[in-house]
Amino acid sequence: MSDQRTADGAHLRDRIERYLRETGMAGDEPRVVPLTGDASDRKYFRIIPVDGPSIVLALHAGAIEFASLPFANVGGLLQQIPLPVPGILGHSDELGIVALQDLGDVTLQAHLGAASPSQHAALYRQAVALIEQLQRRGNELESDAFLPYRIAFDVEKLTWELDFFAKHFVEGYRGSAFTAAERAALTVEWAAIVDELASEPRVLCHRDYHSRNLMLSEGSLYIIDFQDARMGPDTYDLASLLRDSYVDITDRELDELIAYFLALKQRDGESLPQDEFRRRFDLMALQRNLKALGTFGYQTITRRNTVYIQYIPRTLRYAKTNLEKYPRFARLREILAAHVEELA
C-alpha cells in the first residue's frame with residue numbers, strides 16, 4: 001500500500017511540474033503545497049510563485065475534456081447570474097488539471113469560531129441572499145445548454161439518498177439490521193417524504209450549500225463545489241445552510257434567517273406563507289440530514305475517512321428535532337429509534 005501511495009504521489013508531482021513548465025510558471029520555482037481535498041477523487045495543490053499571486057490546481061483522476069466538465073458548465077451559469085465563484089485561470093485536458101483563483105483557506109465554518117455576533121449574522125444574511133439570487137436569476141436563465149436544468153431531485157434521487165442513509169449509517173456504521181417488516185414500513189415512510197418534496201415547484205439548487213462550501217476571501221463569501229447543481233425544492237439550499245452538519249445554528253438565528261429569506265422573496269413579488277414554508281423547510285431538512293448521516297457512515301466505514309464522525313451528533317440532533325416536531329413522523333421515529341438510540 002505504501003509503495004502504491006508513493007507511486008501515486010510521484011505521478012501527481014510529475015503532472016504538476018509539467019503543467020508549470022507548459023504555462024511558464026516553472027522558472028519561478030514556485031512552492032507546491034498540498035491542500036485538504038473534499039470527499040471526491042480530486043486532489044488540490046496551492047502553487048506559490050516567488051512573485052505574484054498564488055493559484056490552486058485541481059487534479060482530476062485522469063485526463064479530462066474541460067468543455068464538458070460539469071464544473072465548467074455550471075461555473076459558466078453561475079458567472080452569468082452573477083454569483084461569486086472562483087475564477088478559472090487555465091486548464092490542461094491531457095494532464096487533467098484545472099487552475100483556479102486562490103480564495104485562501106478560510107471557510108465560513110472556520111471563520112465562525114473567531115467571528116463576532118454581528119459578523120456572524122451579516123455573513124449568514126449574505127449567504128441567504130445568495131440563495132435568493134441563485135433561485136431568482138436561475139429561473140430567468142433557464143436553458144438546456146446548462147446541465148442543472150436537465151437533472152432534478154426527483155422521486156428516484158431522493159429515495160436513493162434515504163436508502164443510502166439506511167444502508168451506510170444504520171446498517172453499515174451502526175451495524176444494526178432492519179427486519180423485513182421495518183424495511184417495508186420504511187419504504188412507505190420514504191415514499192411519503194419524497195413524493196411531497198419531488199412534487200414541489202423546482203428552482204435552481206447548488207445541492208451542497210453549507211459552511212464548508214462557502215469561502216471567505218477579503219471579507220466576501222465565494223461559492224465552491226457547485227458542479228452537482230440541479231433543480232429542486234426552494235427549501236433545499238436553505239435547509240443545507242441552516243441545518244448544516246458542521247455548524248450550530250440557534251433556534252432564534254434559524255427563525256430570523258428564514259424570515260429574512262421570505263422577506264427577500266416577497267420583495268421579488270413572491271409571497272410564501274411563513275407557517276407552510278417552515279413545514280416544507282423542516283421536511284427538507286430532515287431528508288437532507290438523514291442523507292448526510294449516510295454520507296458520514298459511508299466515508300467512515302467504506303472510505304476509512306474518520307473526519308466526519310465528529311459531525312454525527314449534531315446531525316442526529318437536528319434530525320431528532322424534526323422527527324419529534326411532527327406527528328406524521330411517529331412511525332418513522334419508532335423504526336429509526338430501535339436502531340439509533342439518539343433518535344429515541
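**View 1. Lys43 stands opposite Leu59 in strand β3.** The model is predicted; local features need pLDDT of at least 70, side-chain atom pairs count only at pLDDT 80 or more, and totals for chains, interfaces and linings use all residues. Residues are numbered from 1 along each chain as its sequence is written, and side-chain values use heavy atoms, with hydrogens and water left out. Strand β3 comprises residues 55–59 and pairs with β2 in the antiparallel sense over five bridges. Two strands are said to pair if DSSP finds at least two bridges between them. Strands (E, at least two residues) and helices (H or I, at least four) are DSSP runs, numbered from the N terminus.

**View 2. A hairpin joins β2 and β3.** Six residues lie between the two strands. In the turn, Gly52 has a positive phi of about 100 degrees.

**View 3. Strand β1 pairs with strand β2.** The pairing of β1 (residues 31–35) with β2 (residues 43–48) is antiparallel and runs over five bridges. Within this pair, Val33 has Arg46 of β2 as its bridge partner.

**View 4. Asn213 lies in the loop between β6 and β7.** The flanking strands are β6 (203–205) and β7 (214–217). Asn213 counts as buried because its relative accessibility is 7%, where buried means under 20% relative accessible area, exposed over 50%, and partly exposed in between (1.4 Å probe, protein chains only). Leaving aside neighbours within four places in sequence, Asn213 is in contact (heavy atoms within 4.5 Å) with His206, Asp208, Tyr222, Ile223, Ile224 and Asp225. Leu108 is 105 residues from Asn213 in sequence, and the two C-alpha atoms are 7.8 Å apart in space.

**View 5. The close-ups are set in a protein chain with 11 helices and nine strands.** The C-alpha atoms fill a box of roughly 65 × 50 × 45 Å, taken along the principal axes. For 344 residues, a compact globule would have a radius of gyration near 20 Å, so the 21 Å of the protein chain agrees; the radius is taken over C-alpha atoms, and the globule rule is 2.2 Å times the number of residues to the power 0.38. Of the 344 residues, 51% count as buried. Among contacts with a separation of 6 or more, 72% are between residues 24 or more positions apart.
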